[in-house]
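Morning, everyone. Please look at the structure on the screen while I talk.

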Amino acid sequence: MKIAIIGLGFVGLSLTSVLSSKGFNVIGIDVDKERCKKISNGISPFFEPDLEKSLKNGLKKKLQIESDVSLVEDCDLIFVTVGTPQNKTGSIDLSIIKNAMLSLGKSIRNSKKQHTILIKSTVVPGTMKDVILPILEKNSKKKAGKDFGLISNPEFLQESTAIKDTKFPHAVVLGGYETKYMKKVKNFFTKLHPNVPIIITNHQTAEMIKYANNSFLATKISFINQLSNICQKIPGANVDDIAKTIGLDPRIGGLFLNAGPGYGGSCLPKDMKALIKFAKITGVKPILLNAVEDVNIKQLEEIISLAKRKLGNLESKKITILGTSFKPNTDDIRDSIAIELIKRFLKRKVNVTIHDPRAINNTKNVFKDKINYAKAVKDAISGSQCVIIMTQWKQYEKLTNNDFKQMKKKMIIDCRRILVDKQLDADYYAIGFGKE
Ligand code: UGA
């Protein structure tokens, strides 16, 4: 069996490296030739734990990296993992996937193989039937379900654990018709992930499952962030004890209840916006989803107003931000709340210094010389009037009084509550903890 994967971003490259390292005959395809060159040399275009190790393993076996989509002609399974970003209005932008489907359709036109195409890209319900299928049928001059298989196969991996999640998913969703292609794909996944539930449903439900998943995670985060704001007003209240305890109730579950500065990243904010837009098109008022988004947007204001209350006018104040990646163990800053915080501070003419163990280069691409960059945490903190911990990188958990000695005025805002037990000799505020 030969497998093609079109689009080598987080999802595509993780799948490419995991399947090829297991010995499958895989072609990873991306239109970006520079990216392909890097990947062929075993270098990942972004930081993701264990990805390069897995990629190098694959390259030693039968993995091929190419920029030519027509090579799918030889492949039995074709995974589509191209990006579906948001446009200016917040709706889903399908231009990349439309172009990919056009090339893919043409590429399978003359082939004798019975291909199965699996769409992993996140798309709003109805996209498979109304957009993807017609483009593929028109350009291949073939019939879906008869001449080739077409299956919705949403992905649930998280950045920073992408390889583990690809190897051990919690579920496999297959959306489409009960054809011979569906049978073949079900067998493939049963062998690949024995004991993992396989949910077979129709296209539109599979597409909706992905949005349901991400919007529920966002809801949990906004819920705990709202509670965290209330806790801050109750002297001595502790949001983590509350989260831990309610999480023990199996109906609630303990994950995704860490209060913080709000959810960021390339998926949750984008998918929430797309679902809200989509709900409106269907005529449903997305009251809850709007509230989840609203809480998320306002969460950052809480942090800024705390800084303002304690420091006064923020203009020219020296503020250090620890962590710009949207979460630890990634260099990804897309829709990172820390990046938004810096933008708001710059509007108020704050003198910003940042540190991040992995994301300095990506941050530099955004802010150039408008802010200061420190390689060492100590240098970032030295002379600062306020330190704000935005990302819970492991190394920040080790900070002690000694590290804050060189601060001008010792004020610390800990958005992740990683230093609560340190008895810091500073004006210390932990988001979600009511100061006594
Ligand atoms: C998210 C989903 O978790 C994945 O299941 C999904 O496949 C992926 O989007 C996607 O659609 O591609 P990811 O973007 O990697 O994964 O990020 P998360 O781990 O979900 O974190 C998102 C944000 O929520 C981060 O800013 C994080 O700091 C924040 N968060 C997360 C909290 O503030 N509290 C929590 O308890 C959990």
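What volume does the largest cavity have? About 80 Å³. A quick word on the source: this is a predicted model, where local features need pLDDT of at least 70, side-chain atom pairs count only at pLDDT 80 or more, and totals for chains, interfaces and linings use all residues. Residues are numbered from 1 along each chain as its sequence is written, and side-chain values use heavy atoms, with hydrogens and water left out.

Back to the cavity. By cavity I mean a set of points, on a 1 Å grid over the protein atoms alone, where a 1.4 Å probe fits but cannot get out. Points are joined across faces, edges and corners, and the volume is the space filled by probe spheres set on them. The structure holds one cavity of 30 Å³ or more. Its lining residues, each with an atom within 4 Å of a point, include Ile119, Lys120, Met128, Pro154 and Lys210.

Now the domains. The bounds come from an automatic or database domain assignment. Domain 1 covers 2-201, and domain 2 covers 213-430. Their centres, taken over C-alpha atoms, are 33 Å apart.

How many residues are in contact? 18 in domain 1 and 20 in domain 2, with contact meaning heavy atoms within 4.5 Å. Together the two domains bury about 1,500 Å², with 54% of that on carbon and sulfur atoms. Buried area is the accessible area (1.4 Å probe) that two parts lose on being put together, summed over both. On the domain 1 side, Phe47, Gln86 and Glu159 supply 38% of the area buried against domain 2, more than any other three residues.

Glu159 comes up again. Its side chain meets that of Arg334 in a salt bridge, at 3.4 Å, N to O. The rule is a Lys or Arg side-chain nitrogen within 4 Å of an Asp or Glu carboxyl oxygen. Between the domains, the count is one salt bridge.

Technical notes: 1 Å grid on protein atoms, 1.4 Å probe; cavity = no way out; pocket = protein on both sides within 12 Å on 5 of 7 lines; lining within 4 Å.
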